[in-house]
Amino acid sequence: MSNASEKANRRVAAPRRSRGILRWTALLVVGLIVLLLLAAGAFLSYLAIAHPQGEGMSVQSSYLTMRDGVRIAIDLYLPDEVGEGEKLPTILHQTRYFRRMDLRWPAGLLVPADGYAALGTRKGFVTRGYAWVSVDVRGTGASYGHRVGPYPTEQVEDAAEIVDWITRQPWSNGKVGALGISYDAGAAELLLANKHPAVNAIAPQFMLFDTYTDIVCPGGIPLTWFLKNWGSAVDSLDRNAVGDLGGWMTKLLLRGVRPVDADRDRSMLAAAVRDHVRNWNVYEMALTLTYRDDALPYQWPVTIDSFSPHAHKQDIESSRAAIYSYSGWLDGAYAHAAIKRFLTLSNPGSRLIIGPWDHAGRHNISPSVRSIARFDHTAELLRFFDYHLKGVDTGIADEEPVRYYTMIEDRWKHAASWPPPQTSMATYYLRQDNSLSTDKPDAANGYDTYRVDYSAGSGRLTRWESLLDELPDATRYPDRAEQDNKLLTYTSQPLERDTEVTGHPVMTLYASSTATDGNFFVYLEDVAEDGNVTYVTEGGLRAIHRTLSEREPPYRQITPYRTFERQDAMPLVPGETAELVFDLMPTSYLFKQGHSIRVALGGADKDHFAVPAGAPPSLRFHRDRIHASHIDVPTVPR
């Protein structure tokens with residue numbers, strides 16, 4: 001190569017090297033700036049969480065060591081301003097969903113660190129003179145230990161020790177209340193099983209009372225959709241694997257559960273998460289169940305009732321703490337749970353409220369409203385706790401103890417008891433030509449044949465999705481007309497007047513089947529003059545559980561009671577008529593004049609409940625004068 005060519009190449013290469021050096025220098029500077037911003041942001045985010053700006057409270061996190069050496073992570077929130085010598089009542093909140101999230105910058109400056117911050121509940125209490133203690137229950141979050149079942153005995157005992165710690169603090173006035181939504185509500189209720197004298201009141205919100213019937217097997221039918229998805233979600237939480245829950249976006253914003261303040265290198269958190277590996281899988285446990293008294297596969301004999309609040313009735317009543325049972329009409333099966341709790345437990349000062357809400361009460365789901373809920377839950381809870389923990393006359397003690405909302409009418413009402421004393425049953429019979437009538441059949445024979453359609457479902461905008469917050473306003477049931485095409489329907493004549501249905505509808509079916517078992521679903525619906533079909537409520541029963549029991553129920557039962565125990569199982573005899581009597585979930589709903597009442601019958605809800613194996617059976621629903629299938633509808637005179 002000539003000298004001239006070499007010089008020319010050097011002249012070209014030099015600028016390229018210079019540009020490369022400048023590019024890498026610029027990238028290095030930008031990288032350093034980003035690192036500085038991240039460090040500054042992380043520090044600011046920490047400050048924002050430790051001392052929420054404008055929130056009027058501070059928080060500190062630490063471990064409490066339990067009797068067996070297991071360390072439990074807690075957050076303590078106190079008001080920024082506490083008078084000298086002032087003593088505070090405390091709200092205890094126990095969760096298995098992370099007491100607080102560890103948010104990356106800048107999410108920590110913008111995103112609430114947990115659901116109670118998002119709802120404003122904690123701020124509402126702390127800024128009004130309460131201490132607040134949030135806990136990662138044993139075997140979850142940043143707490144050590146492992147867990148067998150949803151509410152292990154060790155966790156209940158931990159709660160008593162935590163209350164002991166609270167009452168020893170210089171800021172405590174010695175009085176403790178507990179609240180929570182969903183799982184957290186069960187932890188609050190089981191706290192009372194300790195009969196701790198410092199616990200004066202609790203508010204279990206949107207939660208089960210009988211684990212078997214309220215969530216695992218409503219009507220004896222496994223709610224597999226929920227069990228599988230909830231089991232998978234809590235498994236991811238226990239492994240602190242938040243990316244499994246929401247993908248890359250969640251992982252970008254959220255590191256997982258927040259370590260305690262002293263855990264600077266996160267080594268304690270890592271050790272705690274290793275403990276969780278031994279947690280029992282909830283979904284696998286549920287799959288082993290057919291009957292309430294089936295033994296669970298632990299090292300000692302326990303059943304599902306071991307984890308059920310209703311099984312601790314005597315201890316909970318002995319606590320004498322006031323209980324505010326709190327739910328919504330389309331909150332899974334939990335409206336009935338709230339009612340059973342209120343009717344069963346005789347604790348003085350207890351109350352019941354059921355609103356037009358989905359799970360957690362964030363949406364008004366009355367079909368004529370459908371909006372963000374405007375009800376101030378925090379204010380209502382403060383009225384209850386201020387009275388029981390502070391002795392403030394909030395007026396709540398002067399009100400009738402039952403408060404409920406009638407959908408479509410969109411009106412709040414009070415009652416002295418449940419169901420409201422003025423309620424009476426109106427009977428509607430299945431008639432020929434798919435009609436529903438108050439006139440009893442007089443024919444000697446009559447039936448309708450239905451081949452169960454296993455493709456039938458209730459969709460993905462239902463009361464069940466609400467339990468996992470699958471969608472905003474998840475309970476937006478669409479027009480049911482299309483779903484009804486897969487079911488057997490009976491429709492009344494247009495109503496001559498507005499008709500309020502408040503209480504528990506009860507279905508009596510006289511049915512025969514080609515199978516020895518099967519699921520029966522009943523939907524109560526509102527058919528408008530233009531043919532639009534609105535969901536009202538539903539109920540179901542697995543046929544082998546049809547035996548009604550004369551034994552004293554473990555809770556006060558105002559609807560047909562069955563034990564769901566193995567000794568009471570009764571298979572169907574193919575071709576033989578069987579009586580199936582079961583309740584639908586309670587409701588308060590106004591059927592408008594000119595609308596019709598519809599009953600839709602089916603044998604599957606593929607979207608939520610276990611579908612039986614084998615070929616779909618053929619059913620006969622009888623409607624003669626001897627076997628007069630009917631629904632009893634609780635109505636309130638107007």
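1. A residue counts as buried here when its relative accessible area is under 20%. That cut-off will be handy below, as you look through this predicted model and its salt bridges.

2. Let's start with the pair to which the cut-off applies directly: D102 and R258 are both buried. Their side chains form a salt bridge, with 3.7 Å between the closest N and O atoms. D102 sits in strand β4, while R258 belongs to the loop between β8 (254-257) and α10 (267-275), so this contact ties together parts of the chain 156 residues apart in sequence.

3. Next, have a look at D136 and R99, whose closest N and O atoms are 2.8 Å apart in a salt bridge. Strand β5 (residues 131-136) holds D136, and the loop between β3 (88-95) and β4 (101-103) holds R99, so the pair joins parts that are 37 residues apart in sequence. Is D136 buried or exposed? D136 is buried, because its relative accessible area is 0%. R99 has a relative accessible area of 0% and is buried too.

4. Further along the chain, D517 and R542 meet through their side chains in a salt bridge, at 2.8 Å from N to O. Here D517 lies in the loop between β20 (506-513) and β21 (519-527), and R542 in strand β22 (residues 533-542); the two are 25 residues apart, and the pair links distant parts of the chain.

5. You may also like to display a group rather than a pair: R67, D68, R138, E157, D158 and E161 are linked in a network of salt bridges.

6. Finally, for the overall tally, how many salt bridges does the model have? The count comes to 40.

Notes: Residues numbered from 1 in each chain as written. Predicted model: local features only at pLDDT ≥ 70, side-chain atom pairs only at ≥ 80, totals over all residues. Heavy atoms only, no water. Salt bridge = Lys/Arg side-chain N within 4 Å of Asp/Glu carboxyl O. Helix = DSSP H or I, 4+ residues; strand = E, 2+ residues; numbered from the N terminus. Buried < 20%, exposed > 50% of the residue type's maximum accessible area, 1.4 Å probe, protein only.
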